[in-house]
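Dear colleague,

Please find below the structure that I promised to hand over. My notes on what was found in it follow directly after.

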Number of protein chains: 2
Amino acid sequence: MEPHEPDLAAVPVTAVLAALADDVRLQIVRALAEGGEHACGTFEFGVSKATRSHHLKVLREAGLTRTRAAGTSRYVRLRRDELDRLYPGLLDAVLTPRPPA
Amino acid sequence: MEPHEPDLAAVPVTAVLAALADDVRLQIVRALAEGGEHACGTFEFGVSKATRSHHLKVLREAGLTRTRAAGTSRYVRLRRDELDRLYPGLLDAVLTPRPPA
DNA sequence: GAGGATGTTCGACGATTGTCGAACAAGGGT
DNA sequence: ACCCTTGTTCGACAATCGTCGAACATCCTC
C-alpha cells in the first residue's frame, strides 16, 4: 500500500488549509516543526491511536508530511521546504504560538 | 443586532484556517483582497444568497472581515492590516493564484 | 403606504468530519 | 512458535457543515 503522498502543488489550497484547521493536527504539525522525524506513537494529544492515525493520514494526503516505515514504527516528518516554497509564510504564520505585538 | 466582529487575537487559529478552507469563501477573500469595500451582492459565485450570507457570516465571525451597513446594502472589507500583523504571510500565501516557481 | 431591492434567519436536507473500539497486519524479542 | 508493540483499517456514531427555498426584516423610491 503506497503512502499516498501527493505532489504538493496538486493539492488544492483549501485542502491544505483544511488539514491545518484542526487542533489535534495543528499540535502534530507544531511538534513536527521542531525538526527531524517523529514516530507516530510520540504524539500524545488525548486521542485514541485510531484517531491519531486518521489525522496523520489527513496530513499526509494534504501533502504536508512524509512517512517512512521502519520496523513496526513509522516515522513522520514535515515537508517544510516544499511548503515554504509553495506557501511562503504559511507555516510561520500558523505555527507561532501567539504574536505578542 | 451587532455585527459580531470579534477581536482577531481572540479567534483560535484553527477557526481562521477553517474560515479560509472553503472554495467559495476563498473566492470572496480573493475579491476582497483587491481592496476597498464590496457590496455583498457583488459576490456571484454560483451559490444562493442564503449561502452567500452564511459564508460572509463565517468570515466575519472568524475575524477576517468587517461589515458596514448602508441603506439596504452591506459593505464588506478585509481586515488585512490586522491579519498581516497577527499572521504575517498568511494572506499572501493563500491568495496568490499559483506560485509558478 | 405599496412595491421592489438587498440581506438575514429559519428549518431542512445530504455530505463530510472527528471520534471511538475492535479487528487486523506486520515486526521484533524472547 | 508465541506474544507484545506499533499502526492501519473498518464500521458506527454524533456533530458539524454547505446548501437550498421560503419567510422575514429593512431601507429606498414612487
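**The hairpin, the sheet and the pair of chains**

In the hairpin formed by β2(A) and β3(A), two residues lie between the strands, and G71(A) takes a positive phi near 65°. Helices and strands here are DSSP runs (H or I over at least four residues for a helix, E over at least two for a strand), numbered from the N terminus. Please bear in mind that this is a predicted model, in which local features need pLDDT of at least 70 and side-chain atom pairs count only at pLDDT 80 or more, while totals for chains, interfaces and linings use all residues. Residues are numbered from 1 along each chain as its sequence is written, chains are lettered from A and ligands numbered from 1 in the order in which they are written, and side-chain values use heavy atoms, with hydrogens and water left out.

The hairpin of chain A belongs to an open sheet of three strands in the order β1-β3-β2, with antiparallel pairing; two strands are said to pair if DSSP finds at least two bridges between them. β1 (38-39) and β2 (65-70) of chain A stand at the edges with a single partner strand each, so one side of each is left without a neighbour in the sheet. β2(A) and β3 (residues 73-78) of chain A are joined in the antiparallel sense by six bridges, and along this pairing T65(A) stands opposite L78(A), R68(A) has Y75(A) as its bridge partner, and A69(A) stands opposite R74(A). On the β1 side, β1(A) and β3(A) pair in the antiparallel sense over two bridges, with A39(A) opposite Y75(A).

Helix α2 (residues 23-33) of chain A packs on this sheet and touches β1, β2 and β3 of chain A, its direction making about 80° with that of β3(A). Contact means heavy atoms within 4.5 Å; axes are lines fitted to C-alpha atoms, for helices over the stretch in contact, and angles run from 0 to 180 degrees between N-to-C directions.

In chain B, β2 (residues 65-70) and β3(B) pair in the antiparallel sense over six bridges, R66(B) having R77(B) as its bridge partner. β2(B) and β3(B) also form a hairpin with two residues between them, where G71(B) in the turn has a positive phi of about 70°.

As for the two chains together, a rotation of 180° with 0.0 Å of shift along its axis superposes chain A on chain B with an RMSD of 0.0 Å, the superposition being by least squares on the C-alpha atoms of residues with pLDDT of at least 70 in both. The two copies are thus related as by a two-fold rotation axis, and in chain A the C-alpha nearest that axis is that of G89(A), at 2.1 Å from it.

Between the chains, the axes of helix α1 (residues 13-20) of chain A and helix α1 (residues 13-20) of chain B come within 8 Å and cross at roughly 160°. The two helices are therefore roughly antiparallel to each other, a description applied to angles over 145 degrees. The contact is made by T14(A), L17(A) and L20(A) of α1(A) together with T14(B), L17(B) and L20(B) of α1(B).

With best wishes

Methods:
Angles under 35 degrees count as roughly parallel, over 145 as roughly antiparallel, 65 to 115 as roughly perpendicular and the rest as oblique.
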